[in-house]
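What follows is a short guided reading for someone meeting this structure for the first time. It begins with a single residue and then widens to the elements around it and to the chain as a whole.

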Amino acid sequence: MFTTPTTHPHKAMTGSPGADPQDVIETRLWLEEHDWLYRLLRSEENVSPTFRFPDLISACVSLVFDHDDGPTRIFQFLGTELVLRLPQTPRRRESMWWPQYQLLLALQRSPANRHPNPKFQLDQLTTACVALCRTEDGSGSAVLRKARRNMAERSYRGRDAPAG
């Protein structure tokens, strides 16, 4: 599902200086993965700052794409696990940051997602990233570390400082 930028400031702002409501994109997350991220959101480890869903989802996407075989891992999960779930599985509406959306959009438009292959939507690609992170590190500590790094990179943008 292709969605447009949200213009709801209450969903878009995550405390990053200079954040614009257009900096986040709305997506959907399958319930199982949403529940895991919700537990991470409420965990004692998620403090100072407390990261919200756009940060956590984006961290998952970033972590998967940090691996050279990230797209392969995503399509393997989609083709072996997500495809076996009921298509009517409930989803929750959430947001992610623009840079991570661009990674998933490129993957959605890639030859691996074109005929004769099955076509997967943004919610399925996003869900795959969260599921892969949950499988790799059920504690979510890697997701929280990546959320911190992503926040630092967003803060540096526009200041001519290198991304870390």
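Ser 58 is a useful place to start, because at 1% relative accessibility it counts as buried, the cut-off for that word being under 20%. The model in which this value was computed is a predicted one. Ser 58 lies in helix α3, and, once its neighbours within four places in sequence are left aside, Ser 58 is in contact with Met 96, Trp 97, Gln 100 and Asn 150. One of these partners, Trp 97, is also the bridge partner in β2 of Val 24.

## The chain as a whole

The secondary structure comes to seven helices and two strands, and along the sequence these elements follow the pattern α-β-α-α-α-β-α-α-α. Of the 164 residues of the chain, 46% count as buried. Among contacts between residues at least 6 apart in sequence, 77% join residues at least 24 apart. The chain exposes about 8900 Å², and carbon and sulfur atoms supply 53% of that area.

## The two strands

How do β1 and β2 run relative to one another, parallel or antiparallel? Strand β1, which spans residues 24-30, and strand β2, which spans residues 91-97, run antiparallel and are joined by seven bridges. Strand β1 is mostly covered, since six of its seven residues are buried.

## Helix α4 and its cover

Helix α4 takes in residues 70-80, and its buried residues are Gly 70, Arg 73, Ile 74, Phe 75, Phe 77 and Leu 78. An α-helix has 3.6 residues a turn, so residues three or four places apart point the same way. What covers the buried residues of α4 includes four other helices, namely α2 (31-41), α3 (53-65), α5 (98-108) and α6 (122-136). Helix α3, the element that holds Ser 58, is therefore among the parts that cover α4.

## How α2 meets α6

Two packed helices are described by the angle between their axes and the distance between the axes. The axes of α2 and α6 come within 9 Å and cross at roughly 55°, which makes α2 oblique to α6. In this arrangement α2 passes α6 in a left-handed crossing. On the side of α2 the residues that take part are Glu 32, Glu 33, Trp 36 and Leu 37, and they meet Thr 127, Val 130, Ala 131, Cys 133 and Arg 134 in α6.

## Two cis peptide bonds

The model also holds two cis peptide bonds that lead into proline, set out below with their omega values and the loops in which the prolines are found.

| Peptide bond | Omega | Place of the proline |
|---|---|---|
| Ser 48 to Pro 49, cis | near 0° | loop between α2 and α3 |
| His 115 to Pro 116, cis | near 15° | loop between α5 and α6 |

Ser 48, with which one of these bonds begins, is itself found in the loop between α2 and α3. Its phi is near 50°, a positive value in a residue other than glycine. Is Ser 48 buried or exposed? At 64% relative accessibility, Ser 48 counts as exposed, whereas Ser 58, at 1%, counts as buried.

Terms used. Residues numbered from 1 in each chain as written. Predicted model: local features only at pLDDT ≥ 70, side-chain atom pairs only at ≥ 80, totals over all residues. Heavy atoms only, no water. Buried < 20%, exposed > 50% of the residue type's maximum accessible area, 1.4 Å probe, protein only. Contact = heavy atoms within 4.5 Å. Pairing = 2+ DSSP bridges. Areas by Shrake-Rupley, 256 points an atom, 1.4 Å probe, with all protein chains shown as cover. Axes fitted to C-alpha atoms, helices over the stretch in contact; angles between N-to-C directions. Parallel < 35°, antiparallel > 145°, perpendicular 65-115°, else oblique. Left-handed = near helix turned anticlockwise from the far one by under 90°.
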